[in-house]
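Q: I have the sequence and the structure open side by side and would like to go through them with you. Could we start with one helix and work outwards from there?

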Amino acid sequence: MDFTSSINSPGDASKSAKLRNPGYVAHVRHVDGAIQTVSEHLFEVAEIAKNLAAKIAVPEAGELIGLLHDFGKYSEAFQTYISTETGLLAPDGDDQPNQKGKVDHSTAGAQWVWDALSKFARNGSHDEGKLCGQILALCIASHHGGLIDNLSADGEEHLFAKRISKADDKTHLTECKQQADSPVQERAKALAGKELLISMLTRLKTLDSASDTITHFNRGLWTRFLFSCLIDADRISSADFEYVENTAYRQRQKPDWTIAVERLEQHLHQLSNKPVEQIGPIDHIRQAISDACHQRASDAQGIYTLTVPTGGGKTLASLRYALHHARQHQLERIIYVIPYTSIIEQNATAIRDIVEHEQDSFPWVLEHHSNLEPEEQTWHSKLAAENWDVPILLTTMVQFLETLFGGGTRGVRRLHQLANSVIIFDEIQTLPIRCTHLFCNAVNFLSQQANTTAVLCTATQPLLNKLKAPLKGQLEIPEQNELMPDPLELFKQLQRVTIQPQIRPEGWSESEVAELALSELRNKGNCLVIVNTKAWAQKLYQLCRTELDDNTVFHLSTNLCSAHRQARFAEMRQRLDDKQPMLCISTQLIEAGVDIDFASVIRFLAGLDSIAQAAGRCNRHGHLSEATVHVVNPAQESINQLIDIKEGQKQARRVLGELGDGNLLCPEAISRYFQYYFYDRADEMDYRLPAAQLGQDDSLLNLLSHNPKNSIVRESGRFEMLRQSFKTATQHFKSIDAPTQAVIVPWGEGEQLITELCGLSRYETARYRNCLKRAQKYSVNVFPNDWQKLQQQQAIYPIGEEAVYYLDKRYYSDAFGLTTEAVNKAQADIL
């Protein structure tokens with residue numbers, strides 16, 4: 001399709017005669033009415049975007065889209081709007097209407113760059129110029145609401161062509177060309193030449209793959225990366241103008257990794273010099289694991305695996321690798337991607353205690369697992385959102401995937417921060433199965449295009465480099481990129497438990513599981529029971545509590561806020577240290593990253609990876625000569641909606657049948673398990689989208705690559721241009737099956753924070769940001785069906801104008817956390 005004639009003819013001649021105004025307004029500061037001119041804003045955004053886009057070696061592309069993103073603000077329509085809205089110009093009846101939301105000021109710049117680049121031709125073809133023009137125009141046109149679709153999902157419209165063809169009386173391009181400041185236009189013209197085109201094409205060529213799917217996925221992600229540079233630059237410029245104090249908190253230089261390295265090495269030295277009586281049986285093995293990571297840190301950048309049994313000290317070992325590697329390659333940050341919010345705070349505290357000192361000018365560590373952030377991009381929420389500009393970041397897999405594939409502009413502004421980084425994927429086996437190909441392609445892209453090192457860290461390494469459909473994308477991991485010299489020998493050295501399957505044809509009843517748990521408690525002194533559902537956790541807790549006092553039996557689930565769980569963990573660890581009897585009934589939240597050591601564990605049947613994680617909570621420090629993990633199958637379990645658990649049970653049964661009493665935790669058994677698990681679920685890995693959602697069966701991977709099922713693509717048979725349906729893809733993307741909504745609960749300090757947040761003015765940004773961060777520990781993520789129940793009972797309340805909520809204290813139990821019934825009634829129902 002030819003877009004070269006898409007820009008319409010000039011508008012009103014009276015506008016052509018309008019004199020240039022050197023004071024065109026981009027923003028008006030609320031506090032003092034100060035003005036940021038369009039020229040100032042454009043040049044500032046251009047400079048920031050230029051520096052950010054240098055991460056993928058196209059600084060001029062970033063500068064150009066920054067310079068043109070608000071080009072439409074030179075129009076009389078926009079100037080009238082902003083003057084009216086900010087009080088610079090009082091409205092006068094119908095002559096000065098309120099035009100909020102009706103002035104398009106992003107399309108003009110998109111049309112400008114499309115018109116400038118699409119005309120270039122090499123070897124008689126304009127395709128390359130059009131491709132480059134489309135990439136940059138798309139970023140500019142989309143910078144308010146997120147990347148737009150190039151093609152409609154139904155194949156009826158070429159939406160990019162429609163946008164770029166928008167009438168001049170709507171986009172005001174001709175008027176803006178006549179009125180824009182000369183330096184802006186001169187710099188834009190200097191940038192939009194053959195040198196830029198050649199630079200972009202050189203980089204785009206490196207995205208080519210043997211697979212059309214991967215090639216066009218890479219082009220789409222490259223476009224999204226540039227878009228990220230623009231969004232963050234725009235937000236920084238706007239926010240720092242409105243809140244001048246922000247500039248004092250921005251880091252201007254790369255971290256001095258030597259400081260952090262020396263602090264870590266000093267900490268490790270102190271650990272190695274502990275008195276002999278304080279050194280545990282496996283401390284020497286953990287030291288060897290750490291040393292191996294240190295030795296490999298000077299290797300080239302790439303994608304690596306770190307396969308270490310649970311309890312092997314992966315957190316400190318991976319931190320040692322990351323700090324030394326970041327210093328070796330002069331990288332900008334270290335990012336930990338962790339599956340559960342429940343372990344982020346624990347790991348962040350451990351890292352912060354090692355690398356942060358009070359005299360530091362800036363904090364080293366940031367936790368970001370915010371579900372309290374509003375979904376809508378209001379001015380207030382833009383300022384409350386983090387852009388990950390810190391040396392060491394800990395975030396969730398949900399946030400990581402949202403950054404790569406989510407909609408709007410909130411998450412994508414962080415994407416460029418994944419470049420020049422070490423990314424540690426903790427417990428990588430928990431990656432959502434439907435995101436597999438998307439994840440693999442994205443990590444390959446970051447490694448090959450953005451100077452990023454990735455480390456897949458787990459005791460149960462999934463086979464992400466050996467997928468059934470490699471042409472859809474799989475990780476490119478050389479065999480020598482396992483950081484441990486001999487993982488099999490390591491597993492033998494760290495084997496501290498025996499797995500004892502006790503699978504019954506009729507399953508285990510509630511009373512039988514409770515009896516086994518109480519027996520293990522009496523014989524071993526303490527016991528942990530890990531179940532698959534919250535309902536089972538509550539039932540077992542109640543059954544066991546009839547036999548034990550409240551100080552002996554504990555309940556854990558994600559219905560407890562993080563601070564509540566941490567308090568409970570502290571109490572449990574103290575009882576274990578004091579050799580006091582203790583029984584814990586928990587959902588699987590306790591499996592990953594929780595440093596706690598039980599003498600006996602009972603695990604409900606699940607995938608082998610989950611069973612291995614459960615085993616990591618048993619005889620964790622090797623103080624017992626033998627310990628057992630009992631694997632039982634409950635008689636009645638509502639897991640039809642928990643597809644991952646159900647499929648994991650199926651494949652675990654298969655491996656159990658084949659290996660019998662063999663070592664179910666060894667790498668060979670885990671590899672066999674994942675071969676079966678991935679083979680049976682291969683068709684899910686490209687993120688399937690049923691016809692009920694799109695009108696035809698398709699996949700998110702297709703929408704984000706060459707869109708082969710789209711009728712426009714099928715009819716044209718051409719791939720030179722971008723074909724992605726970006727917006728449609730992001731609208732259907734959910735990194736978890738049932739997206740949750742966070743609510744702040746009135747437990748502990750949470751009650752005070754709720755009061756404080758409710759009393760804040762919308763302009764008290766610093767206090768709002770601080771309160772919101774503190775409230776993370778006092779929030780619970782609620783699934784849609786429970787959210788609806790709470791709304792029906794008027795148990796949740798909004799805070800101000802933002803999408804932040806708090807919970808009525810009658811719906812939070814000290815035993816079970818958040819409940820969907822008033823506490824007294826809920827406890828009575830369970831009893």
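A: In helix H11 of this predicted model, the residues Leu196, Leu197, Met200, Leu201 and Leu204 are buried, where buried means under 20% relative accessible area, exposed over 50% and partly exposed in between, with a 1.4 Å probe and protein chains only. Helices (H or I, at least four residues) and strands (E, at least two) are DSSP runs, numbered from the N terminus.

Q: Why do those five end up on the same side of H11?
A: They cover an arc of only 125° around the axis, which puts them on the same side of H11; the arc is that of the directions from the helix axis to the C-beta atoms. An α-helix has 3.6 residues a turn, so residues three or four places apart point the same way.

Q: And which residues are exposed on the other side of H11?
A: Lys194, Glu195 and Lys205 are exposed there.

Q: What do the buried residues of H11 pack against?
A: They pack against helix H3 (59-68), helix H5 (107-117), helix H6 (127-141), helix H10 (182-191) and helix H12 (212-242), with contact meaning heavy atoms within 4.5 Å.

Q: Before we move on, what should I know about the numbering and the model?
A: Residues are numbered from 1 along each chain as its sequence is written, and side-chain values use heavy atoms, with hydrogens and water left out. Because this is a predicted model, local features need pLDDT of at least 70 and side-chain atom pairs count only at pLDDT 80 or more, whereas totals for chains, interfaces and linings use all residues.

Q: OK, the whole chain then: how many helices and strands?
A: The chain has 34 helices and 22 strands, and buried residues make up 58% of its 831 residues. Among the contacts with a separation of 6 or more, 77% are between residues 24 or more positions apart.

Q: Now sheets. What is the strand order in the open one that includes E3?
A: That sheet has six strands in the order E3-E8-E7-E4-E6-E5, with parallel pairing; two strands pair if DSSP finds at least two bridges between them. Its edge strands, each pairing on one side only, are E3 (303-307) and E5 (365-368). Neighbouring strands are turned by 20° against each other on average, direction ignored, where axes are lines fitted to C-alpha atoms, for helices over the stretch in contact, and angles run from 0 to 180 degrees between N-to-C directions.

Q: How many bridges join E4 to E6?
A: Five bridges join E4 (residues 333-338) to E6 (residues 392-396), and the two strands run parallel. Within that pairing, Val337 has Thr395 of E6 as its bridge partner.

Q: Which strands does helix H15 lie across?
A: H15 (residues 314-329) lies across E3, E4, E6, E7 (421-426) and E8 (453-458), and runs at about 165° to E7.

Q: Trp388 caught my eye; what is its phi?
A: Phi of Trp388 is near 65°, a positive value in a residue other than glycine. Most residues other than glycine have a negative phi. Trp388 is found in the loop between helix H17 (379-384) and E6, and counts as buried at 0% relative accessibility.

Q: And where is Asn420 found?
A: Asn420 is found in the loop between helix H18 (397-405) and E7, has a positive phi of about 50° although it is not a glycine, and is buried, with a relative accessible area of 12%.

Q: Let's switch to the sheet with E9; what is its strand order?
A: This open sheet of six strands has the order E9-E14-E13-E10-E12-E11, with parallel pairing, and E9 (498-502) and E11 (553-556) are its edge strands. Its neighbouring strands are turned by 15° against each other on average, direction ignored.

Q: Which way do the residues of E11 point?
A: Val553 and His555 point one way from E11, Phe554 and Leu556 point the other way, and all are buried. Four bridges join E11 to E12, which run parallel, and Leu556 stands opposite Ser586 in E12.

Q: Last one: which residues of H31 are buried?
A: In H31 (residues 750-758), Gly750, Leu753, Ile754 and Leu757 are buried. They cover an arc of only 105° around the axis, which puts them on the same side of H31, and their cover includes strand E17 (741-744), helix H32 (765-775) and strand E20 (805-807).
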